[in-house]
Amino acid sequence: KRTRVFGTFGDLVLAVDLSGDGSRVLATSADRRVRCYSAADGTMLWESRLHSDWVTCGAFSADGRFVATGGRDHTIKVLDAATGELFTTYKGHQRNLGKETGRFEVYALTFEDEGARAFSAGEGQSIRVWEPEKARAEDGSAADMEIRFYKKGHTQFLMHGSRHPVFDLAACGDDLFAATGDGIVKQFNLTHLQHVRD
């Protein structure tokens, strides 16, 4: 039976995630809101509205320190999981220089189950592999960010070759799985960042 309702959003709820210790629930919505709730009693712990378009995905980091949310505004917001305060904005899905240029909506996001790496995807031909701390260190002003990202960018690009977007990602141990709009699930090895099988 239904235990409780975790609040009501103004539009579609597009993603939900549970913290590693099971204490918090994250929800993202097409109304641009991100909310974090107590899993024990449903109390809303914080709310964020930093995206300028639908928030399509969200995930807790393995250590519970961060929440990352991606959207149709081509950005990923990395938040302090305890307070909802902005830690940094990852801009790896909007690039004018380097590998895979263009602006891509983000539909899928996850963290490795041990370690600091995040994986994000959506439109485009690659899954981005990156870390919140390094993304923050690379972030600069609007004038110099693109050059800094191109020269010092720590992001790695895991090419998936699908004609359609990636709509979900799941990481477990040394494996990453991608659900694609081609109707295919792709498996990747995270040590070597290589495609294993479809």
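Is Glu47 buried, exposed or partly exposed, and what is its relative accessibility? I looked it up: Glu47 counts as partly exposed because its relative accessibility is 37%. The cut-offs I'm using are buried under 20% relative accessible area, exposed over 50%, and partly exposed in between, with a 1.4 Å probe and protein chains only.

**Ground rules**

I'm working on a predicted model, in which local features need pLDDT of at least 70, side-chain atom pairs count only at pLDDT 80 or more, and totals for chains, interfaces and linings use all residues. Residues are numbered from 1 along each chain as its sequence is written, and side-chain values use heavy atoms, with hydrogens and water left out.

**Entry: Glu47 and its salt bridge**

I went looking for the partner of Glu47 and found Arg35, with the closest N and O atoms 2.6 Å apart. Glu47 is in strand β4 (residues 44–48) and Arg35 in strand β3 (residues 34–38), so I note that the pair links distant parts of the chain, 12 residues apart. Helices (H or I, at least four residues) and strands (E, at least two) are DSSP runs here, numbered from the N terminus. Arg35 counts as buried, at 11% relative accessibility. I also found a network of salt bridges that links Asp31, Arg33, Arg35 and Glu47.

For the salt-bridge rule, I need a side-chain nitrogen of Lys or Arg within 4 Å of a carboxyl oxygen of Asp or Glu. By that rule I get a count of nine salt bridges.

**Entry: two more salt bridges**

I checked Glu133 next, and its side chain meets that of Arg65 in a salt bridge (2.6 Å, N to O). Glu133 lies in helix α1 (residues 132–138) and Arg65 in the loop between β5 and β6, so this pair ties together parts that are 68 residues apart in sequence. I have both down as partly exposed: Glu133 at 39% relative accessibility, Arg65 with a relative accessible area of 41%.

Then I pulled up Lys186, which forms a salt bridge with Asp198, the closest N and O atoms being 3.1 Å apart. Lys186 sits in strand β17 (residues 185–189) and Asp198 in the segment after β18 (194–197), 12 residues apart. Lys186 counts as buried at 8% relative accessibility, whereas Asp198 is exposed, with a relative accessible area of 54%.

**Entry: Ser48**

I stayed in strand β4 for Ser48. Ser48 is buried, with a relative accessible area of 6%. What does Ser48 contact, leaving aside its neighbours within four places in sequence? I wrote down Arg32, Arg33, Val34, Leu79 and Gly84; contact means heavy atoms within 4.5 Å. Out of curiosity I ran a distance to Asp198: Ser48 and Asp198 are 150 residues apart in sequence and 37 Å apart in space, C-alpha to C-alpha.

**Entry: the β5-β6-β7-β8 sheet**

I traced four strands forming an open sheet in the order β5-β6-β7-β8, with antiparallel pairing. β5 (55–60) and β8 (86–90) stand at the edges with a single partner strand each, so one side of each is left without a neighbour in the sheet. Neighbouring strands of this sheet are turned by 20° against each other on average, direction ignored. For that angle, axes are lines fitted to C-alpha atoms, for helices over the stretch in contact, and angles run from 0 to 180 degrees between N-to-C directions.

I count two strands as paired if DSSP finds at least two bridges between them. β5 and strand β6 (residues 66–71) run antiparallel, joined by five bridges. Val55 stands opposite Gly71 in β6.

On edge strand β8 I picked out Thr88, which counts as buried at 3% relative accessibility. Beyond its neighbours within four places in sequence, I see Thr88 in contact with Ile76, Lys77, Val78, Pro132, Ala135, Arg136 and Asp139.

**Entry: strand β13**

How many residues of β13 are buried? Five of the five in β13 (residues 126–130) are, and I call the strand mostly covered. Ser126, Arg128 and Trp130 point one way, Ile127 and Val129 the other. I'd expect that, because side chains in a regular strand alternate between the two faces of the sheet.

Strand β12 (residues 118–122) runs antiparallel to β13, with three bridges joining them. Ser120 has Arg128 as its bridge partner. Their hairpin has three residues between the strands, and Gly124 takes a positive phi near 100° there. β13 also pairs with strand β14 (residues 156–159), antiparallel over four bridges, and there I found Ile127 opposite Leu158.
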